Amino acid sequence: MRGSQLNLITFMKKITALLSALAISAALISGSSFAQTPAAPAAPAAAPAAAAPAAAKADKPAKAAKADKPAKEKKSRAERTAKSKECSAKADEQKLHGKARAKFRAECKKAA
């Protein structure tokens, strides 16, 4: 009887080790599959079309308010960079650091 119990214990240890290895490998494999970015879900065609008229009605007052404001001139990247460097130089002259410097630069760039 002692020999059959020993074989049963050895068999159970092997099964436990096998199941543990299987669980670990499954966790590793499933983890990498979850890390991948999913494809964009297909949107139902009827839902956006039905919501669009309601959204268009709600946006009309906002569009009218935007029309009253004058359009801002967009500056080129070079112009923005030059202004940013100019404002940084002024902040350096005043020996500003941290939040005070950031605030000064933001106001300086808005003024231009």
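**Exercise 1. Find the pattern of helices and strands that the protein follows along the sequence.**

Step 1. Read along the sequence, the pattern is α-α-α-α. Helices (H or I, at least four residues) and strands (E, at least two) are DSSP runs, numbered from the N terminus.

Step 2. The count is four helices and zero strands. Among them are α1, residues 2-35, α3, residues 77-93, and α4, residues 98-111.

Step 3. Note the basis of the values: this is a predicted model, in which local features need pLDDT of at least 70 and side-chain atom pairs count only at pLDDT 80 or more, while totals for chains, interfaces and linings use all residues. Residues are numbered from 1 along each chain as its sequence is written, and side-chain values use heavy atoms, with hydrogens and water left out.

**Exercise 2. State how much of the protein is buried and what its accessible surface comes to.**

Step 1. Buried means under 20% relative accessible area, exposed over 50%, and partly exposed in between (1.4 Å probe, protein chains only). Of the 112 residues in the protein, 8% are buried.

Step 2. The accessible surface comes to about 10,100 Å², and 65% of this belongs to carbon and sulfur atoms. Accessible areas come from the Shrake-Rupley method with a 1.4 Å probe; for residues, only the protein chains shown count as cover.

**Exercise 3. Locate the disulfide and describe the two cysteines.**

Step 1. A disulfide is a covalent bond between the sulfur atoms of two cysteines. The rule applied here asks for a pair of cysteine sulfur atoms within 2.5 Å, and by this rule the count comes to one disulfide.

Step 2. The partners are Cys-87 and Cys-108, with sulfur atoms 2.1 Å apart. The pair links distant parts of the chain, since Cys-87 is in helix α3 and Cys-108 in helix α4, 21 residues apart.

Step 3. The link of Cys-87 and Cys-108 is left-handed, with -80 degrees about the S-S bond.

Step 4. Cys-87 is buried at a relative accessible area of 0%, and Cys-108 is buried at 9%.

**Exercise 4. Find the salt bridges and decide which of them share partners.**

Step 1. A salt bridge is a side-chain nitrogen of Lys or Arg within 4 Å of a carboxyl oxygen of Asp or Glu. The whole structure holds three salt bridges.

Step 2. Glu-86 pairs with Lys-83 (3.5 Å, N to O). These two are separated by about one helical turn because they are three residues apart in helix α3.

Step 3. Glu-86 also pairs with Lys-90 (3.5 Å, N to O). Both lie in helix α3, four residues apart, about one turn of the helix.

Step 4. Arg-101 pairs with Asp-92 (2.7 Å, N to O). Salt bridges that share partners join Lys-83, Glu-86 and Lys-90 into one network.

Step 5. Within this network, Lys-83 is buried at 18%, whereas Glu-86 is partly exposed at 38% and Lys-90 at 33%.

**Exercise 5. Determine where Ser-84 and Lys-95 lie, and whether each is buried or exposed.**

Step 1. Ser-84 is in helix α3 and is buried, at 19%.

Step 2. Leaving aside residues up to four places away in sequence, Ser-84 touches Arg-105 and Lys-109. Contact means heavy atoms within 4.5 Å.

Step 3. Lys-95 lies in the loop between α3 and α4 and is exposed, at 68%. Phi of Lys-95 is near 55 degrees, a positive value in a residue other than glycine.
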